[in-house]
Amino acid sequence: MNGYNILVVDDEPEITELIEIYLKNEDYTVYKATNGQECIALLQATIIQLVILDIMMPGMDGMEACRQIRETWNIPIIMLSAKSQDMDKIMGLTIGADDYITKPFNPIELTARVRSQLRRCFLLNQPNSGEQNANVIAVKDIVIFKDKHVVTKNGIEISLTPKEYDILLLLASNVGKVFSAEEIFFRVWQEKYFDSHNTVMVHMWRLREKIEDDPKNPRMIETIWGVGYKIEE
């Protein structure tokens, strides 16, 4: 279960360094922040799959950071705090934390909890390769939840317009099939195609800006020059 980016937020360097050692041994990539403001800034700039968040920090504390994270990101949050009172745990879990561990902690236990949260969020929620799930389509790092009209990339929800969603759903539901601009326009807009290639191109560019790591060199939606567009596994 390697390849995940973990953000550790704590104002005590010895704590973040200790956690970093154990997480790197599990092949996770570790990012570090010392307060809530740095945490939010890193989340905006980097794809993060899980946050380990201390409560008591200068500036924006862990509780406020947790609230702000939950407004935008649907990723696991493990609260880390010297506070052990039940009300503190309840408050942390109520505002959006997925787990809570108190200091001093066993780094092996923390690593196990990280592994468990990642498994629950990114593996158990994916369709099994041997089973058909009519409401979920997974292609590369994109998952479409048709019943909820939700699209995620690496577990993070992406905001798409209805037409962008319909284009992505059409291509992802027919992996390997090439659709011309005319056919995409007819299937998505449900209108006869009258020289609307630019309409499809504009929507395709906007869609790629949201789902591709590098929109200028797309790896999700391929352009077959002179033919159309397709998605490959």
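This is a quick run through some salt bridges in the structure above. Keep in mind that this is a predicted model.

OK, so the overall tally first: the count comes to 17 salt bridges. I'll take you through three pairs that sit within helices, and then a network.

Start with helix H3, which covers residues 62-72. Here Glu 64 pairs with Arg 67 through a salt bridge, at 3.4 Å from N to O. Why can these two face each other? They are three residues apart in H3, so about one helical turn lies between them. As for exposure, Glu 64 has a relative accessible area of 30%, which makes it partly exposed, and Arg 67 is partly exposed too, at 37%.

Next up, helix H5, residues 107-123. Glu 109 and Arg 113 make a salt bridge there, and their closest N and O atoms are 2.6 Å apart. The spacing in this helix is four residues, again about one helical turn. Glu 109 comes out at 34% relative accessibility, partly exposed, and Arg 113 at 25%, also partly exposed.

Then helix H7, residues 181-189. The pair is Glu 183 with Arg 187, and the closest N and O atoms are 3.4 Å apart. These two are four residues apart, so they too are separated by about one helical turn. Both count as partly exposed: Arg 187 has a relative accessible area of 40%, and Glu 183 has 26%.

Last thing, the network. Asp 10, Glu 12, Asp 54 and Lys 103 are joined into one network by salt bridges that share partners. Have a look at that one in the viewer.

Key: Residues numbered from 1 in each chain as written. Predicted model: local features only at pLDDT ≥ 70, side-chain atom pairs only at ≥ 80, totals over all residues. Heavy atoms only, no water. Salt bridge = Lys/Arg side-chain N within 4 Å of Asp/Glu carboxyl O. Buried < 20%, exposed > 50% of the residue type's maximum accessible area, 1.4 Å probe, protein only.
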